[in-house]
Amino acid sequence: MTSLLVIIVLVLLAVALWQLTKIFDLTQVGSNEDNSQVANDNDNNVQGYLMFGFLAFIYILTIYGLFKWGGLVLHTPASAHGAQVDSLMNISWVLLFIVQAITQVLIHYFSFKYRGKQGQKALFFADNNKLEAVWSIIPAVVLAGLILYGLYAWTNIMFIDEDEDTVVIELYAQQFKWSARYAGEDNVLGKANVRYIEGINTLGVDMSDKNSQDDIVVSELHIPKGKKVHFKMRSQDVLHSAYMPHFRAQMNCVPGMVTEFAFEPVYTTAEYRELPYMIEKVSHINELRAKKSIDLVAKGGTALDPYTFDYLLLCNKICGASHYNMQMKIVVDTPEDYKKWLKEQALLAVQVRDANAAPAPAADGEGVSKDSVVVAPVVAVK
Ligand SMILES: [Cu+2]
C-alpha cells in the first residue's frame, strides 16, 4: 500500500514538473532566444560533445569498478576441473572487454563526427554486402569458437566414469536446509522416496533396501582431498540449486528426479585457509568486523566473533523466504581424516531403529554407545 502511494506521488510530481517547464517555455515567447523546436548547429555541437562525455563516463566507471571490486572475484579454484571453468570465464571476459572497448569508441566517435550540421542532408545508404559479411562472419567465428570450447569443457567436466572409484554422496535439498547421505561401505545408496519420510528418516530412505543398511546421514559435508566425489542430488519440495562456488560446481536439485555432478577437491580446508589471498581476505574481513564491534560494544551490544574461512554449499535458486540462509558447511579432509570422521558417524539404520525402539536402555547390541551427541536430527557419534 505504501509503495502504491509513493508511486502515485512520484507520478504526480513528474506531471507537475512537466507543466512547470511548459509554463517556463511560454514565458520565453517573444524574447530574443532561439526557441525553435528544430535543432540548430549549437544544439548539435552540444549533443556531439555529450557523446564523448558519456564515453568517458562509461570508461571511468569500468576502470573504477575493476580496481574497486575486481579483488572480490573468487580466486584459486579448489577443485581439479575448476581451472577449466575459470579459463572459459576469463576468455569470455577478455573477448567481451576488447569488443566493447573498440565498438564503444567507434559508436561515440561516429556519432560526434556525423552530428547534424545546418544544410547537410543524411546520405541514403541501402546496403553493402561486403560490410555485412564482415560484421556477420567475424562474430559468428568468434562465438562458434567460444561455444565449441565451452561444450568441450562442459563434456569434460560432466563426464562421470561409472567404473572409477568415487565417493558417492547424496545431497538432499529441502526448504530450507541441506542434508548429505553417504553410501557407506558398499558405495551404493539405498533407494529413497518421499513416501518413506517418517520421524527421523527425513530423507525418505527405504529402510527395507539392503543398500540402505550402511547409509549415513549428516548435516555437515566432509569430503576427501584428491578423490573424485560423485554427488547425486534430490529435492523434497521445490527447485533448489546446489552451489559450491569454491569448487566451481553448481547443479539444480529437482523434485522427482536425481541430478548429478562430480568433482575432485584439490585443497583441504586447512590448506585453502593458508593460501596468501585467503589470509589477506580473512584479515580484511576481521578488520571490518573489529571496527563494527567497537560500534556495537559502544551501543551496549556484543562484539562480533572473528571470521574463519570455510567452504560452503549454498542454495542458488530463490526457493522461499529463508532461501538466503540455506547453506551447509563443507570440510575437505585429508583421506585419513575423512576415513576417521566417517567411522565416527552413526548409521541411519541404527538411528531409525533406536528411534523406533522404546526409550529403554541398552537395546541396540551393536556397540553403539548411548552418549550420542545429537547436533541435528541426524548427526550422532558412534
Ligand atoms: Cu533452496
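**Helices and an open sheet in a predicted model**

At 1.5 Å a residue, helix α4, with its 30 residues (129-158), should span 44 Å, and the 42 Å that separates its end C-alpha atoms agrees with this. The structure is a predicted model, and α4 makes a convenient place to start looking around it. Burial adds to the picture of this helix: of the 30 residues of α4, the number buried is one, so the helix lies largely in the open. For burial, the cut-off is 20 or more other C-beta atoms within 10 Å of a residue's own.

The UniProt record, an unreviewed entry, lists residues 47-67, 88-110 and 133-152 under "transmembrane region". In the model, the span 47-67 is 100% helix and 0% strand, with 30 Å between its end C-alpha atoms. Residues 88-110 are likewise 100% helix and 0% strand, and here the end C-alpha atoms lie 33 Å apart.

Attention can now turn from helices to strands. Strands of a sheet pair through backbone hydrogen bonds, either parallel or antiparallel. In this model, five strands make up an open sheet of mixed pairing, and their order is β3-β2-β1-β5-β8. The edges are held by β3 (216-218) and β8 (259-263); each has a single partner strand, so one side of each is left without a neighbour in the sheet. From one strand to the next, the twist averages 25 degrees.

Within this sheet, strands β1 (residues 167-174) and β2 (residues 177-182) run antiparallel and are joined by six bridges. For readers following along in the structure, Ile-169 is a handy landmark, with Tyr-182 of β2 standing opposite.

Technical notes. Residues are numbered from 1 along each chain as its sequence is written. This is a predicted model: local features need pLDDT of at least 70, side-chain atom pairs count only at pLDDT 80 or more; totals for chains, interfaces and linings use all residues. Helices (H or I, at least four residues) and strands (E, at least two) are DSSP runs, numbered from the N terminus. The expected span of a helix is 1.5 Å times one less than its number of residues. A residue is buried if 20 or more other C-beta atoms lie within 10 Å of its own, exposed if 12 or fewer, and partly exposed in between; C-beta atoms are placed from the backbone. UniProt positions are given in the numbering used here, feature names are shortened, and annotations may be inferred rather than shown by experiment. Two strands pair if DSSP finds at least two bridges between them. Axes are lines fitted to C-alpha atoms, for helices over the stretch in contact, and angles run from 0 to 180 degrees between N-to-C directions.
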